[in-house]
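Q: Please take a close look at one part of this model, the packing of two helices, and then set that part in its chain.

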Amino acid sequence: ASGSLSNDTIPTSKMLRLFVLLGFAVSCCLASERQFCCSAEDRHIVEKQWEVLWGDTESSKLKIGFGSLLLQRLAKEVPDVTALFKKVNIEHPESGEFAAHSLRILNALDMIINLLDDPEALDAALDHLADQHHDREGVKKAHFRTFGQILHASLPRVLDDYNAMSWRSCFKGILLKISSKLQG
Amino acid sequence: GQSEHQPREYTLTMWRLLILSALSGLILGDLPTAPFLDINPRLAANAMRIINLHRKVNSLKDKLHEAEKIDPSGFLHELEARVDHVEGSHCEERQFQCGGNEQECVSDILVCDGHKDCHNGHDEEPTVCDTSPVKAGNVFSGTSHWTDCRVRTDHPSRITITATTRRKFFPTRIWVRAHFESFLEHDGKQETSDFNARGYYNFANRHLVLKPDEHDHDHDHDHLPVVCDFNRGDSKRAECHRVLESSLHECANLFVHLEHD
C-alpha cells in the first residue's frame, strides 16, 4: 500500500497520520520559501501519477465515472451541495447533463495538473476558476475543504502509485486559490 | 561596412590611375600641351587590369571573413570530443586516459603536475594542461533550463571567472573563484539572482566545479552549485549543470559560451 489509508487501520493511528500529514502540509505552505511547498519534484510526481489514468482511448468514461463519484460523495457529506448542482441534474447521476458536468470538472482538474510546470499560467487558470465559482451563489470555502478531503481519500483507490505528501502539498494551494473569492 | 566604401574607392582609384597614365603620357609623349589625347594605350590597359585586380582583392577579403566563421579543424576537434565521450575512456572513475597506442590509465591527480606519468607523456602535454578555460576574466553565458528542484522558466545565466590560483606544490588543480548571475523575470519585473562561488578546475576531465561561497552566504537564498564540462573540444564552450551539492542530482542544464568583449 502506498500511502493509502486502508480501512483496517485503527482509527486513532489513522487520525494521527492525517493530523501529521495536514500539519506538515500547513507548515510547508507557511514556509517563507515557495520552493518547498509543491516543489518541482512534487509537481513531477503528481503529473506522472495522474498520467497513469489516461492510457486508454476510453478515458472519458473513466473521467465521467470518477468525476461523478467525487461530486456525489460531496453531496452526501454536505447536503446543501445538492441544491447547487440542481442545474446539472445531480438527482439523476446517470443523466447526460451530470455526465457532461463531471467531465468538465475532471477536465479542469486535468488542466490544473498539466499546468503545474508553468506557475504563471496556473495562477491565471485558477483565477478564472475562482471567478466561475464566485458567480455561483451558495458555494462556500468549506465545500472546497471537504472536496479536498474526498479527493485525497479517493485518488489512492484509482491510482496504484499515490504519493500523498506531494498531492496534498500541491492541492492545498490549488483549492485555496479556487475558493479564494468565496465567503465562508 | 566595406561594401559601402567600394564604389567611392573604386572611382577614386580609377581617377588616380587615369591621372597617373595621363602624367606618364605627358612625360613620355611629344606633345605636352594636349595630354589627354595622347595616353599610352598599353598603360591605359594596365590601369584597367589594376582596377580589376583591386576589385578581386576586395572580394577576397570578404571571403576571408566568411572563411573565419567555419573552422574545419575546430569542427573536427568537436566531433572527436563528442565521439570520445560516447566511446568512454575505458578507465575507472577519477582516472585519466593517456590515449595513443599505449592506452593506459593514470590517476587524475597526476595530470599536469609537472611529472610525466603516462609512458607517452600525454598527461603533461600543453593541450591537456591548457589553463585557458578558467582564465580570470573569462565570461561564459548561456540559457538555464530547469528540469528539477526549482520551478523556473528558462532564463539567461552568466559565469564570470574572477580569480584563479595554482599552488606551486600542487599544480594539478586550479583553484577558481567566480561570480554566478541568473537573470530572472518575476511578475513581469527583471531581477538578478547572483552569488559568489569558489571551486576548482580538473585538467584530467576538463571539469569545473563551483560551489556557493560559504563566507558570504545569504540565508534567504539557497543557491545551487554549478558544474561544467569543457567537452566540446575547445575552451570556449562548456556543458554545465546546476546540481544538489550532496547527491550531485542534476536540477538544471545550461550550455555556456565564452563572451568576447
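A: In this predicted model, H6(A) and H8(A) are oblique to each other, because their axes cross at roughly 45° and angles count as oblique when they are neither under 35 degrees (roughly parallel), nor over 145 (roughly antiparallel), nor 65 to 115 (roughly perpendicular). Two packed helices are described by the angle between their axes and the distance between the axes. Here the axes of helix H6 (residues 119-134) of chain A and helix H8 (residues 164-178) of chain A come within 7 Å. Axes are lines fitted to C-alpha atoms, for helices over the stretch in contact, and angles run from 0 to 180 degrees between N-to-C directions. Helices (H or I, at least four residues) and strands (E, at least two) are DSSP runs, numbered from the N terminus.

On the H6(A) side, the residues that meet H8(A) are Asp123(A), Leu126(A), Leu129(A), Ala130(A) and His133(A). Their partners in H8(A) are Ile174(A), Lys177(A) and Ile178(A); contact means heavy atoms within 4.5 Å. By class, the H6(A) contact with H8(A) has five nonpolar, one polar and two charged residues. In this scheme Ala, Val, Leu, Ile, Met, Phe, Trp, Tyr, Cys and Pro count as nonpolar, Asp, Glu, Lys and Arg as charged, and the others, Gly among them, as polar.

Now the chain around this pair. Chain A has eight helices and zero strands. UniProt, in an unreviewed entry, lists residues 37-183 of chain A as "domain: Globin"; such annotations may be inferred rather than shown by experiment, and positions follow the numbering used here, with feature names shortened. Over residues 37-183 the chain is 70% helix, and the end C-alpha atoms are 25 Å apart. Of the 184 residues of chain A, 40% count as buried, that is, under 20% relative accessible area, with exposed over 50% and partly exposed in between (1.4 Å probe, protein chains only). Among contacts in chain A between residues at least 6 apart in sequence, 72% join residues at least 24 apart.

Chain A averages a pLDDT (the predictor's confidence in each residue, from 0 to 100) of 84, and 81% of the residues score at least 70. Over residues 1-9 of chain A the pLDDT is below 50.

Residues are numbered from 1 along each chain as its sequence is written, and chains are lettered from A and ligands numbered from 1 in the order in which they are written. Local features need pLDDT of at least 70, side-chain atom pairs count only at pLDDT 80 or more, totals for chains, interfaces and linings use all residues, and side-chain values use heavy atoms, with hydrogens and water left out.
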